[in-house]
Amino acid sequence: LFIPGMMLVTVTYPTWKDDTVHSDNEAKAMLYIGYVFYALSALWLCTVCCLRSRIMLAISITKQASRAVNAMTGLIIFPIAQAIGLLIFMIPWTIFALFLASSGDIVKSTYTTGTTTITYRSFEYTNNMYYAALYFLFVFFWTSQFIVAMGQLVNALAVSTWYFTRDKSTIGNSTVVSSIHKAFRYHMGSAAFGSLIIAIIKTIRAVIMYLQDKAAKSGNKAAQMVLCCLQCCMWCIEKCMKFI
């Protein structure tokens, strides 16, 4: 910000002021924009000075995190295992979802435009099928969030063990394996309960999104505003619950 401001004040403004192509107002506009850049640079510098302790803390945390990963390289591989687990879950889930999507009754319909009549086929679903689809969506949210939560627990256990161990030579990939064992034996219920809460919130948001689409198609502005507010509130609740 400082360099563009300096260029505008010291180079662009004098050049535009002396030539015949640009008017005085245009030259002054460049000068004022340069001053704005100066002000933003000063504001940015003050912000950095005020947050210097936070910045130093973030740098220290990053250094410690890099040391932990260097001591336990298995932490790099564990997200791959998470992705494989999610992929294994997605295979049967996708198959059953396709079966559910194709289980509706095929109905022929016609659409006439001018002298042309078009016949097309579509699926009609019962209420039970819609409930089943909602349940499948809930299962996807719960399982995916559970996998994410278990990964967070394993990382937290491994890094905390590394941080509070005085003799760092005893830390290695065995610590990651031990953290996986502890997470699945002692903390799986916590991960399941936390992911259940997030899954419920995400399912509610999906229902609200469906209602928003219906309201948009019907042109009901009042319903759109109410649903938009509800969606915003549920988004805030979800973000808060993820860090509790």
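Guide: A residue is called exposed when its relative accessible area is over 50%, buried when that area is under 20%, and partly exposed in between. One more thing before we start: what you see above is a predicted model.

Visitor: Okay, let me try that out. Is methionine 56 buried or exposed?
Guide: Find helix α3, residues 52-71, and you have found the home of methionine 56. The relative accessible area of methionine 56 is 51%. The cut-off to beat is over 50%, so methionine 56 is exposed.

Visitor: How far is methionine 56 from phenylalanine 193?
Guide: Count along the chain and these two are 137 residues apart. In space, we go from the C-alpha atom of methionine 56 to the C-alpha atom of phenylalanine 193, and that gives 36 Å.

Visitor: Let's step back. What pattern does the protein chain follow along the sequence?
Guide: The ingredients are 8 helices and 2 strands. Reading along the sequence, you meet them in the order α-α-α-α-β-β-α-α-α-α.

Visitor: And what radius of gyration does the protein chain have?
Guide: Start with a yardstick: a compact globule of 244 residues would come out near 18 Å. Our chain doesn't match that, and its C-alpha atoms fill a box of roughly 80 × 75 × 30 Å along the principal axes. Its own radius of gyration is 29 Å.

Visitor: How many Å separate the centres of domain 1 and domain 2?
Guide: The domain assignment puts residues 1-61 in domain 1 and residues 72-242 in domain 2. Take the centre of each over C-alpha atoms, and the separation is 45 Å.

Visitor: What percentage of the residues of the protein chain count as buried?
Guide: Buried needs a relative accessible area under 20%. The chain's accessible surface comes to about 17,100 Å², with 70% of it belonging to carbon and sulfur atoms. Of the 244 residues, the share that counts as buried is 22%.

Visitor: I'd like to look at a helix now. How far does α4 reach from its first C-alpha to its last?
Guide: Helix α4 covers residues 74-101, which is 28 residues. At 1.5 Å a residue, 40 Å is expected. The model comes close to that, with a reach of 40 Å.

Visitor: Which helices do the buried residues of α4 pack against?
Guide: First, who are they? The buried residues of α4 are Gly74, Leu75, Phe78, Gln82, Phe89, Trp93 and Leu100. Their packing partners are α5 (127-164) and α6 (173-186).

Visitor: Methionine 90 isn't among those names. How does methionine 90 count?
Guide: Methionine 90 does have its place in helix α4. Its C-alpha sits 9.7 Å from that of threonine 143, which is 53 residues away in sequence. Its relative accessibility is 22%, and buried needs a value under 20%, so methionine 90 counts as partly exposed.

Visitor: Which residues of α2 are buried?
Guide: Helix α2 runs over residues 24-50, and its reach of 39 Å is close to the 39 Å expected for 27 residues. Along it, the buried ones are Ala27, Met30, Leu31, Gly34 and Ser41.

Visitor: Now for helix α8. Which residues does glutamate 238 contact, leaving aside neighbours within four places in sequence?
Guide: Glutamate 238 is in α8, and at 1% relative accessibility it counts as buried. Contact here means heavy atoms within 4.5 Å. With those close neighbours left aside, the partners of glutamate 238 are Ile198, Ile201, Lys202 and Arg205.

Visitor: What about glutamine 231: which residues does it touch, not counting those up to four places away?
Guide: Glutamine 231 is also found in helix α8, residues 221-241. With a relative accessible area of 10%, glutamine 231 is buried. The residues it touches are Arg205, Ile208, Met209 and Gln212.

Visitor: Last one. How many disulfides does a search of the whole structure find?
Guide: A disulfide needs two cysteine sulfur atoms within 2.5 Å. For cysteine 236 the closest cysteine sulfur is in cysteine 232, 4.5 Å off, so that is too far for a bond. For cysteine 240 the closest is in cysteine 236 at 6.6 Å, again too far. The search of the whole structure gives a disulfide count of 0.

Methods
Residues numbered from 1 in each chain as written. Predicted model: local features only at pLDDT ≥ 70, side-chain atom pairs only at ≥ 80, totals over all residues. Heavy atoms only, no water. Helix = DSSP H or I, 4+ residues; strand = E, 2+ residues; numbered from the N terminus. Expected span 1.5 Å × (residues − 1). Buried < 20%, exposed > 50% of the residue type's maximum accessible area, 1.4 Å probe, protein only. Rg over C-alpha atoms; globule rule 2.2 N^0.38 Å. Areas by Shrake-Rupley, 256 points an atom, 1.4 Å probe, with all protein chains shown as cover. Domains from an automatic or database assignment.
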